[in-house]
There are 2 protein chains.
Amino acid sequence: MAKREDELVLLPLGGAGEIGMNFNAYGFGPAHARQWIVVDCGVLFGREGDTPGIDLIMPDIRFLAEQAEDVLAIVLTHAHEDHIGAVPHLWPQLRCPIYATPFTAKLVTGKLIEAGLADKVKVREVPLGGHLDIGPFAVDYVSITHSIPEPNALAIKTWLGTVVHTGDWKIDPEPLLGDVTDTNRLTRLGDEGVLALVCDSTNALHEGHSGSEATVRESLAELIGRLKGRVAVTAFASNVARLVSIAKAARAAGREVALVGRAMQKMVAAARETGYLDDFPRVIDEAEAALLPPHRALYLVTGSQGEPRAALARIASGDHPNVKLGPGDSVIFSSRIIPGNELGIFALHNKLCALGVEVLTEQDHFVHVSGHPYKDELAQMYRWVRPKIAVPVHGELRHMAEHARLARSLQVPEAVTIENGQMLRLAPGPAEIIDEVPAGRIYLDGSVLVDESADHGRERRAMGFAGLIAVTLVLDQRGRVAGEPVLFLEGIPDSVREAVRVAVDSATRRYNPKKGDEEALRENVRRAARRAALEAWDKKPVTRVEIAWV
Amino acid sequence: MAKREDELVLLPLGGAGEIGMNFNAYGFGPAHARQWIVVDCGVLFGREGDTPGIDLIMPDIRFLAEQAEDVLAIVLTHAHEDHIGAVPHLWPQLRCPIYATPFTAKLVTGKLIEAGLADKVKVREVPLGGHLDIGPFAVDYVSITHSIPEPNALAIKTWLGTVVHTGDWKIDPEPLLGDVTDTNRLTRLGDEGVLALVCDSTNALHEGHSGSEATVRESLAELIGRLKGRVAVTAFASNVARLVSIAKAARAAGREVALVGRAMQKMVAAARETGYLDDFPRVIDEAEAALLPPHRALYLVTGSQGEPRAALARIASGDHPNVKLGPGDSVIFSSRIIPGNELGIFALHNKLCALGVEVLTEQDHFVHVSGHPYKDELAQMYRWVRPKIAVPVHGELRHMAEHARLARSLQVPEAVTIENGQMLRLAPGPAEIIDEVPAGRIYLDGSVLVDESADHGRERRAMGFAGLIAVTLVLDQRGRVAGEPVLFLEGIPDSVREAVRVAVDSATRRYNPKKGDEEALRENVRRAARRAALEAWDKKPVTRVEIAWV
């Protein structure tokens, strides 16, 4: 089995440089005949400021797609969107088996059904702590703690050594739902010798410890217990332990619980079906809750990130059909602000304040803990696993750089920060970047997958900034002007439009058909229009000129 | 003088609902003949996500512009852009005298010169602690502390009572530059009786005290003293006390100081000319600094908010002509993150990390204090001034609501939150909203002022989201198709373009000129194009159809 030319490589195509879009490929074999497994296949969410009109961003996996027959499996660590969200979009390029533990499998299967792929691929369920043999890789699932049911690290064994890929994790001594971190297993792996730890960097800039769900449960119970009026609590729907905490706090305070928003319903259903919610209090319908006295109702609502179509945004705008809030009522944001969402969330706070609702957040109350490891937890993980090589992933460069510094300070012999598309040889020999492969981002634009560098995206940003001038010139077959030019002036102030019209007319009139150079005409009109806009407006719209021949 | 019908009113046209764009008008007299003074005239900065292509946002002051002859003065509290930035853009609508203390006057005059207005209006200098008589208003400048030279509160006296308008403030026992808070004056005003306190709400959500510049000075000296390699520090250029702290820390560590970036140069020059920098260490040219050994240089650079054209962004991109940073060098962000700038600033951190530079921020080191009052400071101000009415301004609703709650908890008899355009009668009688006047936002779009509701702004956002289809149909005078349609397809993926072309051709071919209804043709083509895009792409581009007649 063991061959001299065998190499073990790590190739991140997503997640090394951003929090989100996680996609890590492990390759094994001689350079000319590697076999691959993929760990996680997630999305990043688009933002209007950077990528107008783009909802989802995912990794460019063309390098693996070209050798899809050697991609043996997609192995999923847990069910967050930044780890599974790209499966329905990218699986068709790989067409390999997908492995996941039951809760994750249920959610991925739901996505495959929605995408019409359910008859093409069946997600293979792995039990917690389960084992897989996939070609040259032996993969063990190791239970850890995070902020969703069934988070797993993976121990990926080859004859060249073992990689521990942490997935997303924290050390929660009381996660309230599911197992605690399998520290015995991690320590044993360390005892046996770990080649590399490929590890979550999200909170590498934070000192201390992330805290436990159990302490949030206590705090929420205390807080909800003393609120009057209606209470709505928004949290990440996937944090099922948190939902249980909130529901229990509600019941203890004599309140009925209603779930509001599709993601909330879906996640609770998935957790119930996989056996995680045996002690979840009964829930009532949101319309039923509206009939209760205010102090008897608690709403668990989606939309903690200010998503404009989510339940909480509709409640704040006063146009939710069943949930109305006003003076005396409270909304608890049991969540953090994902960077980039600040203004949207603050706008939501402001709308709620305008209704007279009191807004309670993690800034003023202890209502949230992070699901990712702070520095003390990272240090603990390194003490358990004792790897030869530290490879920070799941972070921007600023997180990965600090994580690498921390690993070095803990005397890990090698700490390497790599970017998407850099192929890192983990063994044999010292860790080394041996190749760079095509990598980048693919956008889901409407229903179409497009490359991030596609011209039309740039055009949209340019039009968003400075509008568009499009001119149709009408020429006959002899090249003579045969009608008035048609102008489209979009996204341009009225006062500027007139200046552009005048410039186009004048440039058209100056045209001498005898010279017959309609390319020069087009260019002259284009320049005249653009110059007029610049003079009147100090901006350069996207400018196009075409000829209609009659 | 005193008339029975006299009223004292406050009319915020900006700043009641946002941090920025401060513009408060105080009116006095009978309702049919009010005279006004304006306190501050600031801008808000546009953001690509919300307002693509808009750099500056300012208040819609049409209500005052229509009675400009009764607007007696613009009185400026201090020189931050959100208090003075709209002066050159809005003054032409009011054409009244402008009053400011010397440092503020210098900066405003610079703006008026750039705008070509310097010969039309001369800023009238008021000494610190000075007094103005403006029609029915007697205005006293009261020295306070903030994060810029010469911050002032105003005591605005009328026979119906005194308003204390705080401007931006904190309580800094050691501001390092300029006077400490004139607590005697504030207490005396309280003793004499204050009708209303119109007060900064920025940090009303923060418990405790904002801290002092003096402690930041110590911390920066300690930090800069132990750094090796080149050091760049970025801070708000207007925080001149901070610049002095950094320069002194540099000199103490044996480093020469170079100022990098136009705003830094400009602000230091203004402070020097108004006598605030007598003890500022000598500065050297940035090209000269490049010749020094790394541990002998410190750069004070603009761009702490990630502004793409500022010095620090250029340094991080490696294309600054004179400042190069690399492994072993450090950048200190001696500033906070203004909400909404997170992603831009983090992108800057990431670029610096990619160069091997260490990034130090207020998250990991004590390198910044806020210039606005936390709750303990607000409480202190209420104890000094003891107003009858609290009017929170300079905040979003969430800040103003909390500020009002705090004021009530301090037993202020009346606390009123108002929005831009709401006219609040302060006296006689209880505080009451007596009118709503037109208010809103004006955008500086390129060089043109436009209303926030202008169609072209919406068009730009729509094109940014889903692109544009523009079709020119060519018809002869009998209404027959006389040439191929011309299509402009902008911001649309390639695969979708083809579908739109086919649909437009087919809709054009179906046209029967005998019926001669070219409006129906236009509408049919428009619908066909839009439907084709929706089917192929799941998005609806902006769609325009025009006819070229030949």
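Colleague: In the open sheet of 4 strands in chain B, what is the order of the strands?

Modeller: This is a predicted model, and the description rests on its computed coordinates. The pairing in this sheet of chain B is antiparallel. Its edge strands, each paired on one side only, are β4 (44-45) and β25 (448-451) of chain B. The order of the strands is β4-β5-β24-β25.

Colleague: How many bridges join strand β5 to strand β24 of chain B?

Modeller: Strand β5 of chain B covers residues 54-59, and strand β24 of chain B covers residues 441-445. Leu56(B) stands opposite Leu444(B), which belongs to β24(B). The two strands run antiparallel, and the number of bridges that join them is 5.

Colleague: What span should helix α7 of chain B have at 1.5 Å a residue?

Modeller: Helix α7 of chain B runs over residues 240-252, which makes 13 residues. The expected span is 1.5 Å times one less than the number of residues. The C-alpha atoms at the ends of α7(B) are 18 Å apart, and this agrees with the expected span, because that also comes to 18 Å.

Colleague: How many residues of α7(B) are buried?

Modeller: The buried residues of α7(B) include Val240(B), Leu243(B), Ile246(B) and Ala250(B). Their cover includes α6 (213-226), β14 (231-234), β15 (256-260), α8 (262-273) and β17 (297-301) of chain B. The helix is mostly covered, and of its 13 residues the number buried is 10.

Colleague: Which residue takes a positive phi just after α7(B)?

Modeller: Helix α7 of chain B covers residues 240-252. Just after this helix, a positive phi of about 75° is taken by Gly254(B).

Colleague: Is Lys111(B) buried or exposed?

Modeller: Lys111(B) is part of helix α4 (residues 102-114) of chain B. Leaving aside residues up to four places away in sequence, Lys111(B) touches Val87(B) and Pro88(B). A residue is buried if 20 or more other C-beta atoms lie within 10 Å of its own. Lys111(B) has 20 C-beta neighbours inside 10 Å and therefore counts as buried.

Colleague: How many other C-beta atoms lie within 10 Å of that of Thr158(B)?

Modeller: Thr158(B) lies in strand β11 (residues 152-158) of chain B. Not counting residues up to four places away in sequence, Thr158(B) touches Leu8(B), Phe28(B), Pro136(B) and Phe137(B). Thr158(B) is buried, because the number of other C-beta atoms within 10 Å is 21.

Colleague: How far apart in space are the C-alpha atoms of Thr158(B) and Gly135(B)?

Modeller: In sequence, Thr158(B) and Gly135(B) are 23 residues apart. In space, the distance from C-alpha to C-alpha is 9.8 Å.

Colleague: What percentage of the residues of chain A count as buried?

Modeller: Chain A has 16 helices and 28 strands. Its C-alpha atoms fill a box of roughly 90 × 75 × 50 Å along the principal axes. Of the 550 residues of chain A, the share that counts as buried is 55%.

Colleague: Which residue is the bridge partner of Thr472(A) in β27(A)?

Modeller: Strand β27 (residues 486-490) of chain A is mostly covered, with 4 of its 5 residues buried. Strand β26 (residues 468-475) of chain A pairs with β27(A) in the antiparallel sense over 5 bridges. Within β27(A), the bridge partner of Thr472(A) is Val486(A).

Colleague: Which element supplies the largest share of the side of chain A that touches chain B?

Modeller: The contact takes 60 residues from chain A and 60 residues from chain B. On the side of chain A that touches chain B, the elements that each supply at least two residues include α11 (342-354), α14 (455-466) and α15 (494-509) of chain A. The residues of this side divide into 30 nonpolar, 15 polar and 15 charged. The largest share, 8 residues, comes from α14(A).

Colleague: Which word describes the direction of α13(A) relative to α11(B)?

Modeller: Leu397(A), Arg398(A) and Ala401(A) in α13(A) meet residues of α11(B), among them Phe346(B) and His349(B). The axes of helix α13 (residues 397-409) of chain A and helix α11 (residues 342-354) of chain B come within 8 Å and cross at roughly 45°. That crossing angle makes α13(A), relative to α11(B), oblique.

Conventions. Residues are numbered from 1 along each chain as its sequence is written. Chains are lettered from A and ligands numbered from 1 in the order in which they are written. This is a predicted model: local features need pLDDT of at least 70, side-chain atom pairs count only at pLDDT 80 or more; totals for chains, interfaces and linings use all residues. A residue is buried if 20 or more other C-beta atoms lie within 10 Å of its own, exposed if 12 or fewer, and partly exposed in between; C-beta atoms are placed from the backbone. Two residues are in contact if their C-beta atoms, placed from the backbone, lie within 7 Å. Two strands pair if DSSP finds at least two bridges between them. Axes are lines fitted to C-alpha atoms, for helices over the stretch in contact, and angles run from 0 to 180 degrees between N-to-C directions. Angles under 35 degrees count as roughly parallel, over 145 as roughly antiparallel, 65 to 115 as roughly perpendicular and the rest as oblique. Ala, Val, Leu, Ile, Met, Phe, Trp, Tyr, Cys and Pro count as nonpolar, Asp, Glu, Lys and Arg as charged, and the others, Gly among them, as polar.
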